Amino acid sequence: MFDPKAAGFKDPILVATTDGVGTKLKVAIEAGKHDTVGIDLVAMCVNDLVVQGAEPLFFLDYFATGKLDVAAGTAIVAGIAEGCRQAGCALVGGETAEMPGMYAKGDYDLAGFSVGAVERDQILPREDVAPGDVLLGLASSGVHSNGYSLVRRIVERGGLSYDSAAPFAPGRRLGEALLEPTRIYVKSCLAAIRAGTIKALAHITGGGLIENVPRVLPEGVVAEIDGSAWTLPPVFGWLAREGGVVAHEMARTFNCGIGMVLVCAADKADEAVSILSANGETVYRIGLVRARQGDEAQSQVQNQDGWA
């Protein structure tokens, strides 16, 4: 049970999300490293809550496997607990299911469920997103938790193992580098939201910068993103080169170094940058909102020449 009134809400709307970690779990299983996928699980849920303006309240997990490996299970749940600490929400329960014959030896799956609350008059996105608004991008920690089917194919085609040296991260093993956990943006974004600087937020997950940003835009505008406004992190350059992935497809598959996009009024941008930076984020001004012309795509990433 959870009492929103005791948490300080006056007129709360409850918001619920559910998600998983996808085939990033196969990398964790093959690399024998299980302590970060729990953070990913929480991140994928709570980052989707905060884009509605909601504060995560509590989290539950579902962990399914053929036969429980106690060490792996302990590491996974510890990661979930750490993710909840980062998000400021309570881990109130979960389910561990052993299903022999359903999963191959060593395999497991994870699902997460989170509930948050937002005051009725603070729900995002706001209705006043308009031409001239500024787009801010928050740096990602890496690939996060999307696109791993392609990542795994690229690794396999390159003849690499997850114990190999990471070509893009000197001093790290490939599996360790690819398992860098998804960044949790909850506390920084809530601070900016509560200061009144944010009109809309887009969590950059499957579909990348191309497909996620339009979800928070009204029909008559376009997000024009400048791909030269930030440096493409080395992991994405390696994936593009090794996999022969063209720039547009990179922007439609991966976050490409931007894990969250924020829309704010031009006269609020400096304040938003200051708040987000003070809360530990690396912030880039990545573009603007302009009027839509005809049936053009609502999110356009330009100046991607350095994405090779």
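## A bridge in the sheet

Let's start with a single pair of residues: Glu224 has Leu288, in strand 9, as its bridge partner. Please keep in mind that this is a predicted model. The two strands involved here are strand 7, covering residues 221–226, and strand 9, covering residues 283–291, which run antiparallel to each other and share 5 bridges.

Zooming out, we find an open sheet of 6 strands with mixed pairing, in the order 6-8-5-9-7-10. Strand 6 (200–203) and strand 10 (299–302) form its edges, each pairing on one side only. From one strand to the next, the twist averages 25°. As a general reminder, strands of a sheet pair through backbone hydrogen bonds, and they may do so parallel or antiparallel.

## A nonpolar patch on the surface

Now for the surface. Leu60, Val92 and Phe113 together make a nonpolar patch of about 230 Å². Val92 belongs to strand 3, which spans residues 90–98. Is Val92 buried, partly exposed or exposed? With a relative accessibility of 47%, Val92 counts as partly exposed.

## The cysteines

If you are wondering how many disulfides the structure holds, the count is 0. Cys189 is in no disulfide, and its nearest cysteine sulfur, in Cys264, is 11 Å away. Cys189 is also buried, at 0% relative accessible area.

What about Cys256? The closest cysteine sulfur to that of Cys256 is in Cys189, at 19 Å, so the two are too far apart for a bond; a disulfide would need the sulfur atoms within 2.5 Å. Cys256 is buried, with a relative accessible area of 0%.

How values were computed. Residues are numbered from 1 along each chain as its sequence is written. This is a predicted model: local features need pLDDT of at least 70, side-chain atom pairs count only at pLDDT 80 or more; totals for chains, interfaces and linings use all residues. Side-chain values use heavy atoms; hydrogens and water are left out. Two strands pair if DSSP finds at least two bridges between them. Helices (H or I, at least four residues) and strands (E, at least two) are DSSP runs, numbered from the N terminus. Axes are lines fitted to C-alpha atoms, for helices over the stretch in contact, and angles run from 0 to 180 degrees between N-to-C directions. Patches are made of residues with over 30% relative accessible area and no salt bridge: like charges are joined within 9 Å, nonpolar side chains (Val, Leu, Ile, Met, Phe, Trp, Tyr) within 5 Å. Accessible areas come from the Shrake-Rupley method with a 1.4 Å probe; for residues, only the protein chains shown count as cover. A salt bridge is a side-chain nitrogen of Lys or Arg within 4 Å of a carboxyl oxygen of Asp or Glu. Buried means under 20% relative accessible area, exposed over 50%, partly exposed in between (1.4 Å probe, protein chains only).
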